[in-house]
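New to this one? Here is a quick tour, starting with a pair of strands and working inwards.

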Amino acid sequence: MRTNSCGLRVASCVLKGLALMGVVVTALAGCAGEQGAKRQWVETDSGRWLVHDMNRPAPAVVWAGDEVAEAPSDAVVLFDGGDLSKWESAKRKGRPAPWKMGDGYFETVKDTGYIRTKEKFGSCQLHIEFATPAKVEGRSQGKGNSGVFLMERYEVQVLDSYNNRTYPDGQCGALYGRAVPLVNSSRKPGQWQSYDIIFHRPVFKGNKVVRKASFTVFHNGVLIHDNVELDGGTGWINEHAVTSYKPHEDKGAIALQDHGNPVRYRNIWVRELED
Ligand code: MG
């Protein structure tokens, strides 16, 4: 393999100042509580935008290399091409993960629901590889959609974002509805891609969040989130809104989304981190 953790290419320095996140400040203008939330606005370096605003400027496209990293010796391997024994159905708790096995990978199966790890994790480093469908179908959020959820709550979007216009806070690598990736380093449909995610869980005291969740994410070795704090949950409420923080336990499963598109996954490993 050509790349390793030391070789992850950092494309952020110049772009960081120009980019659209890291400065995401949520202003809940016109928001009348979670249930009544209709439109949420974010103040960014590029202006004031609605959550999931199609007119928000999309990140620059950066081409990544073709190689991916191997699991380090101290990682918990969640999938190495063998079977899905470390995973279960999220829809039918405790039942086997109902997704399709392929040669060294597995694939989402429409309408079977999310799958999740049996083991739970809090702050962690996660490596995961995915491929959106080689047969290109759909558009925007309907094109190669899946997602990687930390603690079953905080989504790093998986999407075919190779020549696919969508709202930038929902494109591939977005912290869904919360943060636009620094650049678009997506490979072509059908090609294997990788995420290397450094996640720190939120800390709650009673009903209050005393430390927000944070993400650093490399997409195909390119930095797309540089220690970005989430201002709340990534859950979808409606077209222009996402969920607020809700206190939860210190550890949760890593989940993968069934969004109806046949997305493939392979080579998944995790290393627990100090909070
Ligand atoms: Mg998704």
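## A hairpin to start with

Look for Val148, which sits opposite Val156 in β12. This is a predicted model, so treat the tour as a reading of that prediction. The strands β11 and β12 run antiparallel and are joined by 5 bridges. Together they make a hairpin with 3 residues between the strands, and Met151 in that turn has a positive phi of about 55 degrees.

Is β12 mostly covered or mostly open? It is mostly covered, with 5 of its 5 residues buried. That goes for both faces: Tyr154, Val156 and Val158 are buried on one side, and Glu155 and Gln157 are buried on the other.

## The sheet around it

The hairpin strands belong to an open sheet of 5 strands, in the order β6-β9-β21-β11-β12, with antiparallel pairing. At the edges are β6 (87-89) and β12 (154-158), each pairing on one side only. Neighbouring strands here are turned by 30 degrees against each other on average, direction ignored.

On to β11 (residues 146-150): this strand also pairs with β21 (residues 252-256), in the antiparallel sense, over 2 bridges. Phe149 stands opposite Ala255 in β21.

## Into the core

Ala255 is worth a second look. Leaving out residues up to four places away in sequence, Ala255 touches Ala90, Tyr114, Ile115, Arg116, Phe149 and Glu152.

Which residues touch the most other members of the largest nonpolar core? Of its 51 residues, they are Ile115, Leu175, Ile254 and Ala255. Strand β10 (residues 124-131) gives the most to this core, with 5 residues. There is also a second, separate core of 5 residues, including Val42, Trp49, Val51 and Val242.

Conventions. Residues are numbered from 1 along each chain as its sequence is written. This is a predicted model: local features need pLDDT of at least 70, side-chain atom pairs count only at pLDDT 80 or more; totals for chains, interfaces and linings use all residues. A nonpolar core is a set of buried Ala, Val, Leu, Ile, Met, Phe, Trp, Tyr and Cys residues joined through C-beta atoms within 7 Å. A residue is buried if 20 or more other C-beta atoms lie within 10 Å of its own, exposed if 12 or fewer, and partly exposed in between; C-beta atoms are placed from the backbone. Helices (H or I, at least four residues) and strands (E, at least two) are DSSP runs, numbered from the N terminus. Two residues are in contact if their C-beta atoms, placed from the backbone, lie within 7 Å. Two strands pair if DSSP finds at least two bridges between them. Axes are lines fitted to C-alpha atoms, for helices over the stretch in contact, and angles run from 0 to 180 degrees between N-to-C directions.
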